[in-house]
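Thanks for sharing this one. Here are my comments as numbered points, to be read with the structure open beside them.

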Amino acid sequence: MSHGAVSGYDPVAMDGLSIIGTVGFFVPAAVLVALVTGAVVRDRRLSAREAAGEADRQGTAREEIPDGDAPGRPSAA
């Protein structure tokens, strides 16, 4: 009894398995890339915020007027 051109696998089932395998690989990879990208962006923002705060503190200290040099006061010279 011959079944004609029946092969040893079901092409529809194999297509489904390949889709599951593809999704099973690329979805976790995309999630990992998104997490790493988010961490890098967050780190750069925090570093920039810290650098801006440090520059602001240095600028404030540099522009501070000492007590003896206040405008309107006679100099001790």
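1. Let me begin with a pair of charged residues. Arg 57 and Glu 54 both sit in helix α1, 3 residues apart, which is about one turn of the helix. Please keep in mind throughout that this is a predicted model.

2. How far apart are the closest N and O atoms of Arg 57 and Glu 54? They are 3.0 Å apart, and the two residues form a salt bridge; the cut-off is 4 Å between a side-chain nitrogen of Lys or Arg and a carboxyl oxygen of Asp or Glu. A search of the whole structure finds 1 salt bridge.

3. The two partners differ in their accessibility class. Arg 57 has a relative accessible area of 52% and is exposed, while Glu 54 has 35% and is partly exposed. The line between these classes is drawn at 50%, so Arg 57 falls on the exposed side of it.

4. On the fold as a whole, the secondary structure of the protein chain comes to 1 helix and 0 strands. Helix α1 covers residues 11-63.

5. Very little of the chain is covered: of its 77 residues, 1% count as buried. The protein chain exposes about 7100 Å², and carbon and sulfur atoms supply 63% of that area.

6. Which residues form a nonpolar patch on the surface? They are Ile 19, Val 23, Val 27, Val 31 and Leu 35, and together they have about 460 Å² of accessible area. One of them, Val 23, lies in helix α1. Its relative accessibility is 44%, so Val 23 counts as partly exposed; patch members need over 30%.

7. Do have a look at the aromatic rings too. The count comes to 1 aromatic pair. The rings of Phe 25 and Phe 26 have their centres 4.9 Å apart and their planes at 85 degrees, so this pair is edge-to-face. For that label the planes must be over 60 degrees apart. Are these two residues buried or exposed? Phe 25 is exposed, and Phe 26 is exposed as well.

Key. Residues are numbered from 1 along each chain as its sequence is written. This is a predicted model: local features need pLDDT of at least 70, side-chain atom pairs count only at pLDDT 80 or more; totals for chains, interfaces and linings use all residues. Side-chain values use heavy atoms; hydrogens and water are left out. Patches are made of residues with over 30% relative accessible area and no salt bridge: like charges are joined within 9 Å, nonpolar side chains (Val, Leu, Ile, Met, Phe, Trp, Tyr) within 5 Å. Accessible areas come from the Shrake-Rupley method with a 1.4 Å probe; for residues, only the protein chains shown count as cover. Helices (H or I, at least four residues) and strands (E, at least two) are DSSP runs, numbered from the N terminus. Buried means under 20% relative accessible area, exposed over 50%, partly exposed in between (1.4 Å probe, protein chains only). Rings of Phe, Tyr and Trp (its six-membered ring) pair if their centres lie within 6.5 Å; planes under 30 degrees apart count as stacked, over 60 as edge-to-face and the rest as tilted.
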